[in-house]
Amino acid sequence: MALKLVGTITAKIKVDGQEEEIVIAASDFSLEEGDMRHIGDGDYQYEALYIYHGDDAEISFQATNFKGKVSVYPYSTSGDIEILEDDLSVEGLDYEEDDYF
């Protein structure tokens with residue numbers, strides 16, 4: 001794996017008409033997809049899709065690692081959830097493209 005998810009998200013979620021504040025740890029997200037993708041000129045980057053599946057809400061986002069440069073894309077949410085504090089980060093790990101082919 002060429003990316004490592006660390007940290008937490010604090011969110012407000014509405015469950016059965018009641019709002020509650022929850023802390024979602026990096027370990028609560030699942031890696032739904034993660035693989036190398038050809039981006040042209042013989043270059044490849046590692047791409048990952050992370051998803052948190054709550055009972056009444058979901059948070060998902062993508063991250064990429066291209067030669068050690070990590071990019072994290074905006075969150076997508078579904079359900080009645082509001083992100084209050086974001087301390088989640090994605091760290092790039094060294095990888096060999098040959099390991100994926």
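Here is a short walk through this predicted model, from the whole chain down to a single residue.

**Stop 1: the whole protein.** Start with everything selected and turn the view around. Along the principal axes, the C-alpha atoms take up a box of roughly 50 × 20 × 20 Å. There are 101 residues in the protein, and 31% of them are buried.

**Stop 2: the strands.** Switch to a cartoon and colour by secondary structure. How many helices and strands should turn up? You'll find zero helices and 10 strands. Follow the chain from its start and the pattern reads β-β-β-β-β-β-β-β-β-β. Now show contacts: of those with a separation of 6 or more, 45% join residues 24 or more positions apart.

**Stop 3: the surface.** Turn on the surface next. The protein exposes about 6300 Å², and carbon and sulfur atoms supply 40% of that.

**Stop 4: the charges.** Colour the charged side chains by sign. You should get 6 positive and 25 negative ones, with the centres of the two sets 6 Å apart.

**Stop 5: a negative patch.** Select Asp 16, Glu 20, Asp 55 and Asp 56 together; they form a negative patch on the surface.

**Stop 6: Asp 56.** Keep just this one member of the patch selected. Where does Asp 56 sit along the chain? Look in the loop between β5 (43-53) and β6 (57-66). Why does Asp 56 count as partly exposed? Its relative accessibility is 39%, and partly exposed covers the range between the buried limit of under 20% and the exposed limit of over 50%.

Notes
Residues are numbered from 1 along each chain as its sequence is written. This is a predicted model: local features need pLDDT of at least 70, side-chain atom pairs count only at pLDDT 80 or more; totals for chains, interfaces and linings use all residues. Side-chain values use heavy atoms; hydrogens and water are left out. Patches are made of residues with over 30% relative accessible area and no salt bridge: like charges are joined within 9 Å, nonpolar side chains (Val, Leu, Ile, Met, Phe, Trp, Tyr) within 5 Å. Accessible areas come from the Shrake-Rupley method with a 1.4 Å probe; for residues, only the protein chains shown count as cover. A salt bridge is a side-chain nitrogen of Lys or Arg within 4 Å of a carboxyl oxygen of Asp or Glu. Lys and Arg count as positive and Asp and Glu as negative; His and the chain ends are not counted. The place of a charge is taken as NZ of Lys, CZ of Arg, CG of Asp or CD of Glu. Helices (H or I, at least four residues) and strands (E, at least two) are DSSP runs, numbered from the N terminus. Buried means under 20% relative accessible area, exposed over 50%, partly exposed in between (1.4 Å probe, protein chains only). Contact means heavy atoms within 4.5 Å.
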